[in-house]
Amino acid sequence: MSPSPASSSVPRGRSKRAFAGSRPVMGDVARLAGVSKQTVSRVLNEHPSVRPETREAVVEAMRALGYRPSRSARSLASGRTRMLGVISFDAARYGPASILTAINTAAQEAGYLVSSIALDTADPATVTEAVDRLSAEGADGVIAIAPQAWVGRALAETRLDTPLVVLETGPEADTLMVTGDSRTGARLATEHLLGLGHATVRHIAGPTGWSSADRRLESWRACLLEHGAEVPEPLVGDWSADSGYELGHELARRPDVTAVFASNDQMALGLLHALHESGRTVPGEVSVVGYDDIPEAAHLLPPLTTVRTDFAEIGTRSLRLLLDRIDGYEGPPRVESLVPVELVVRRSSGPARS
């Protein structure tokens, strides 16, 4: 005779030995606990309608059988896979790598797994393939690190039918977007150098078409114009220390250069190297400000003044936005969430020589 669902114990004589030879499944748990498979699913998904004594019977049956619910079993009742997709580009750089780490940590704390796809190119076919793969895996939502404008356009063409949060560049008007406040950061860096008495500020920009690089370039230029300073022609790097080093030698040959704002710390590092080789002292002759505040910035010679971006907050905030949409929160169709930045003043910037 089967026990009632209210029974708080597993029937005697029935244990995991009765199911030896095969891995126990949800139906075995249901039979042993004397309930339906639907009730077992409700227990797995912590449904509030399950009576405490029924929940206890199911849990005891799972323990007796050594039952370990699979992710697919948990998703049957909830209609979710508890898996999120992340599409990233240039994932080896400090910023994207830090964001990915934060997303994975926050997702794990929320009970989700993360399936990450790192792409080398952002052409529509490659992006569509990545989106199709995540859709086939049943991703409940997708976070895309889209640093270039054409990545956003490629995402828009896929017509993804699950919630989407984009970092850096939103593809269309109804996109959730999270990004560091690059415009404010560039203004802080430029005004800091102007405030030290420098007549103008040179700029080593990031690659054209990268959203953060373009915003920093625009803000640097606007800040100089507002202060009545000369707006020199910017030099364009590729985010690498090598490009900063090469462009740094070009700047070092010009005695009128007294202040440089680099669009990231790696290019600033290369610039410092070039200035040192050229016999230009920092900050005595040339002041340097970077961007991002990489862990090594405080240990360079001299320690680098830079704009700190909270990459962990960008990753965590993007995940919160995505989970809100997955849970059915009907917020505004477009959210542009700007993560604040701060200027960290160290010893690579100083007063202009009279």
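These legends go with a set of close-up views of a predicted model.

**View 1. An open, mixed sheet of six strands.** Reading across the sheet, the strand order is β7-β6-β8-β9-β10-β12. The edges belong to β7 (235-236) and β12 (341-344), each with a pairing partner on one side only. Helix α9 (residues 211-226) packs on this sheet and touches β6 (202-205), β8 (259-262) and β9. The direction of α9 makes about 170° with that of β6.

**View 2. Strands β9 and β10 side by side.** Here β9 (residues 287-292) and β10 (residues 305-309) run parallel, joined by four bridges. Look for Tyr 291, which sits opposite Val 307 of β10. Tyr 291 also has a charged visitor: Arg 216 lies over the face of its ring, 3.6 Å from the ring centre.

**View 3. Tyr 94 meets Phe 311, one of three aromatic pairs in the structure.** The two rings are edge-to-face, with 5.5 Å from centre to centre and 90° between their planes. This pair ties together distant parts of the chain, 217 residues apart: Tyr 94 belongs to helix α5 (residues 94-109) and Phe 311 to helix α12 (residues 311-326). Tyr 94 counts as partly exposed because its relative accessibility is 29%. Phe 311, at 10% relative accessible area, is buried.

**View 4. Two tryptophans, Trp 210 and Trp 239, edge-to-face.** Their ring centres are 6.0 Å apart and the planes make an angle of 75°. Both residues come from loops: Trp 210 from the one between β6 and α9, Trp 239 from the one between β7 and α10 (241-252). They are 29 residues apart along the chain, and both are buried.

**View 5. Helix α5 and what covers it.** The buried residues of α5 include Gly 95, Ile 99, Leu 100, Ile 103 and Ala 107. Among the elements covering the buried residues are strands β1 (83-89), β2 (113-119), β3 (141-146) and β4 (164-168), along with helix α12. How far apart are the end C-alpha atoms of α5? They are 23 Å apart, which agrees with the 22 Å that 16 residues should span at 1.5 Å a residue. After the helix comes Gly 111, with a positive phi near 85°.

**View 6. Arg 82 over Tyr 112.** To finish, another arginine on a tyrosine: Arg 82 lies over the face of Tyr 112, at 4.2 Å from the ring centre.

Notes
Residues are numbered from 1 along each chain as its sequence is written. This is a predicted model: local features need pLDDT of at least 70, side-chain atom pairs count only at pLDDT 80 or more; totals for chains, interfaces and linings use all residues. Side-chain values use heavy atoms; hydrogens and water are left out. Two strands pair if DSSP finds at least two bridges between them. Helices (H or I, at least four residues) and strands (E, at least two) are DSSP runs, numbered from the N terminus. Contact means heavy atoms within 4.5 Å. Axes are lines fitted to C-alpha atoms, for helices over the stretch in contact, and angles run from 0 to 180 degrees between N-to-C directions. Rings of Phe, Tyr and Trp (its six-membered ring) pair if their centres lie within 6.5 Å; planes under 30 degrees apart count as stacked, over 60 as edge-to-face and the rest as tilted. Buried means under 20% relative accessible area, exposed over 50%, partly exposed in between (1.4 Å probe, protein chains only). A charge sits over a ring if NZ of Lys or CZ of Arg is within 6 Å of the ring centre and within 35 degrees of the ring normal. The expected span of a helix is 1.5 Å times one less than its number of residues.
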